[in-house]
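Here is a friendly walk through a two-part story of sheets, helices and contacts. Keep the structure open beside the text and follow along.

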Amino acid sequence: MKKLINAPDSVLTDALIGLAAAHPELRVDVEERFITRAGGPTTGKVGLVSGGGSGHEPLHGGYVGYGMLDAACPGEVFTSPVPDQILAATRAVDGGVGVLHIVKNYTGDVLNFQMAAELAADEKIQVESVLVNDDVAVENSTFTAGRRGTGATVFVEKMAGAAAERGADLATAAAVGMEVNDRSRSFGVALTSNIIPAAGKPGFELGDSEIELGIGIHGEPGRRRAQLMTAKEIVGVALDAIHGDMPLSGDLLVMVNGMGGTPLIELYVVYAAVAEWVAGHGATITRNLVGNYITSLEMAGCSITVCRLTPELTELWDAPVQTPALRWGR
Amino acid sequence: MDTAAFRAWMTEAARLVGAEADRLTQLDAAIGDADHGVNLRRGFQAAVAMLDSAAPATPGAVLTTAGRALISKTGGASGPLYGTALRQAGKTLGEDQDVSAVQLGAALEAARAGVQQLGAAHEGDKTMLDALGPAVTAYQMAVEGGGDLADAARAAAEAAARGAEETIPMLARKGRASYLGDRTIGHEDPGAASTALILRALAAVTAGEAR
């Protein structure tokens with residue numbers, strides 16, 4: 001294992017110290033492990049808290065700031081955060097009108113956020129949750145823990161964050177988050193595995209010419225293994241899967257996301273194929289993101305996330321945002 | 001079974017989980033995300049430390065204190081699940097200083113129900129319930145058959161170990177393993193394996209083999 005680390009068990013602590021040093025506009029509690037805006041809670045504004053295992057940077061800490069999250073709770077690498085840190089973050093961002101938890105559908109995340117919400121309720125803090133489950137690669141939800149939360153998390157955090165910033169109440173901000181999730185779908189592909197620092201060896205094995213179609217953000221397998229194919233063919237598999245689940249039409253927000261180990265030039269090759277596919281199916285990409293937004297350590301590969309926009313959602317997407325990883329309009 | 005014996009159970013569970021952490025992690029690497037042993041060891045170490053500092057005065061308080069520590073320090077799904085199991089079990093014991101075989105049976109049943117409710121899993125889904133469910137049944141049958149607490153605990157531990165082994169041919173339907181589908185067949189469920197260890201600790205303490 002070759003990594004830029006000091007020791008496998010200090011990776012998260014060292015990264016949080018670095019995040020704090022690089023971003024004085026954030027307050028990073030290295031001990032309790034949560035990140036908030038430096039200004040503290042905004043009275044009368046719904047607080048947004050998200051979190052999950054580390055290793056997906058910039059998710060979630062990179063999305064704390066004006067127009068998006070109020071707090072992020074990073075767990076150990078690929079391990080969900082614990083209720084104590086979620087509760088501490090929830091307390092820290094409660095502006096008196098409730099807190100919205102944005103949770104990816106992974107059993108550990110769901111259970112820990114659920115316990116934190118119960119503890120917050122004991123303290124009379126009102127909490128609502130949005131569960132993100134956009135990954136179409138999981139076909140049979142009856143026999144699994146259900147669809148995983150992946151790329152749409154970025155969209156939910158952005159648009160629910162914009163709604164909260166404009167003064168939406170808790171129920172409205174939650175409804176925006178749920179609508180974004182309902183209108184979004186993702187599909188991922190891995191070209192290589194990743195290495196959890198504490199494990200020191202690859203999480204799964206892929207042959208030199210093999211790819212995994214339908215990969216999750218921790219390297220969990222998806223639909224099938226296949227031989228390497230062209231970017232156009234991979235995009236075809238991904239968008240056929242998405243389109244088969246939620247027919248694509250109208251205005252679309254599309255994210256071509258790198259898994260951490262894929263160069264930007266390849267992501268643009270993928271985006272070209274996505275744009276061609278979408279145009280050929282009569283829909284229109286009106287907004288896009290190309291880059292590393294929800295990663296899986298050093299995994300090579302990408303995910304494609306599509307949201308069917310409405311005029312209201314487009315407005316929320318365009319609203320000003322000022323975070324380490326997304327920044328426009330202000 | 002008194003307060004000291006409940007503390008001894010938690011200490012022995014921590015020792016066994018620590019000793020078997022690598023095996024649990026390897027089981028998890030096959031069908032999950034390779035952190036079960038590491039996480040559970042951290043959680044049980046925290047539970048023992050909290051019992052040392054808080055020194056709870058009743059068996060019920062020992063279990064609720066340990067459960068709270070597991071929830072706080074474990075991470076992943078196993079923290080809330082084991083933490084809830086111990087907290088639900090502890091709550092059924094109230095303020096009693098000495099727990100009878102029948103009371104412990106009710107506590108184990110409360111643990112099982114807590115896990116089932118929180119995890120929304122059923123026996124046969126290849127989860128910790130496949131060890132815990134048979135263990136509770138075996139415990140209660142032993143008590144009904146006239147066995148004492150140590151007999152019943154031994155029966156529970158044996159049933160849990162068998163139950164864990166019987167997860168090997170099962171297809172996972174819950175948690176992260178469920179995404180592997182057919183590829184989970186042939187591997188023991190790490191949660192069922194750790195449940196078997198915790199019940200083995202109970203049997204060892206009640207048999208007087210560990211204090």
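How many bridges join strand β10 of chain A to β12(A), and do the two run parallel or antiparallel? Strand β10 (residues 251–258) and β12(A) are joined by 7 bridges and run antiparallel. Before going further, please keep in mind that this is a predicted model. For the complex, the predictor gives an ipTM of 0.81 and a pTM of 0.89. Chain B has an average pLDDT of 94, and 100% of its residues score at least 70.

**The sheet around β12**

Let us stay with β12 of chain A and look to its other side. Strand β7 (residues 184–190) of chain A is joined to β12(A) by 7 bridges, and these two strands run antiparallel. A good residue to click on is A:I304 in β12(A), which has A:F187 standing opposite. A:V256 also stands opposite A:I304.

Why is β12(A) described as largely enclosed by the rest of the structure? The strand spans residues 301–308, and 7 of its 8 residues are buried, so the rest of the structure largely encloses it. The term buried here requires 20 or more other C-beta atoms within 10 Å of a residue's own. Strand β10(A) is mostly covered, with 6 of its 8 residues buried.

Moving along from β10(A), we come to β11(A): 7 bridges join the two, and they run parallel. Within this pairing, A:V254 has A:N288 in β11(A) as its bridge partner.

These strands belong to an open sheet of 6 strands in chain A, with the order β9-β8-β7-β12-β10-β11 and mixed pairing. At its edges stand β9 (224–227) and β11 (284–291) of chain A; each has a single partner strand, so one side of each lacks a neighbour in the sheet. From one strand to the next, the twist averages 20 degrees.

**A second sheet and its helices**

Chain A also has an open sheet of 6 strands in the order β1-β2-β4-β3-β5-β6, where the pairing is mixed. Its edge strands are β1 (26–29) and β6 (127–132) of chain A, and each of them pairs on one side only. Here the twist averages 20 degrees from one strand to the next.

At the β1 edge, β1(A) pairs with strand β2 (residues 34–37) of chain A in the antiparallel sense, over 4 bridges. A:V28 has A:I35 in β2(A) as its bridge partner.

Which strands does helix α3 of chain A touch as it packs on the sheet? Helix α3 (residues 107–122) touches β3 (47–54), β5 (99–104) and β6 of chain A, and its direction makes about 165 degrees with that of β5(A). Helix α5(A) lies across β5 and β6 of chain A, and runs at about 5 degrees to β6(A).

Helix α2 (residues 83–93) of chain A is worth a look too: 9 of its 11 residues are buried, so the helix is largely enclosed by the rest of the structure. Among the buried residues of α2(A) are A:I86, A:L87, A:A89 and A:V93, and also A:D84 and A:Q85.

**Two domains of chain A**

The domain assignment divides chain A into domain 1 (11–183) and domain 2 (184–309). Their centres, taken over C-alpha atoms, are separated by 23 Å. Domain 1 gives 22 residues to the contact between them, and domain 2 gives 29 residues. On the domain 1 side, the elements that give two or more residues are α4 (152–165) and α5 (170–182) of chain A. The largest share of that side, 4 residues, comes from α4(A).

**Where chain B meets chain A**

Which elements of chain B give two or more residues to the side that touches chain A? In this interface, 22 residues of chain B are in contact with 26 residues of chain A. The elements in question are α3 (36–54), α4 (59–73) and α5 (78–92) of chain B.

The table lists the residue classes of two contact sides.

| Contact side | Nonpolar | Polar | Charged |
|---|---|---|---|
| Domain 1 of chain A, touching domain 2 of chain A | 11 residues | 6 residues | 5 residues |
| Chain B, touching chain A | 9 residues | 7 residues | 6 residues |

How values were computed
Residues are numbered from 1 along each chain as its sequence is written. Chains are lettered from A and ligands numbered from 1 in the order in which they are written. This is a predicted model: local features need pLDDT of at least 70, side-chain atom pairs count only at pLDDT 80 or more; totals for chains, interfaces and linings use all residues. A residue is buried if 20 or more other C-beta atoms lie within 10 Å of its own, exposed if 12 or fewer, and partly exposed in between; C-beta atoms are placed from the backbone. Two strands pair if DSSP finds at least two bridges between them. Two residues are in contact if their C-beta atoms, placed from the backbone, lie within 7 Å. Ala, Val, Leu, Ile, Met, Phe, Trp, Tyr, Cys and Pro count as nonpolar, Asp, Glu, Lys and Arg as charged, and the others, Gly among them, as polar. Domain bounds come from an automatic or database domain assignment. Axes are lines fitted to C-alpha atoms, for helices over the stretch in contact, and angles run from 0 to 180 degrees between N-to-C directions. pLDDT is the predictor's confidence in each residue, from 0 to 100.
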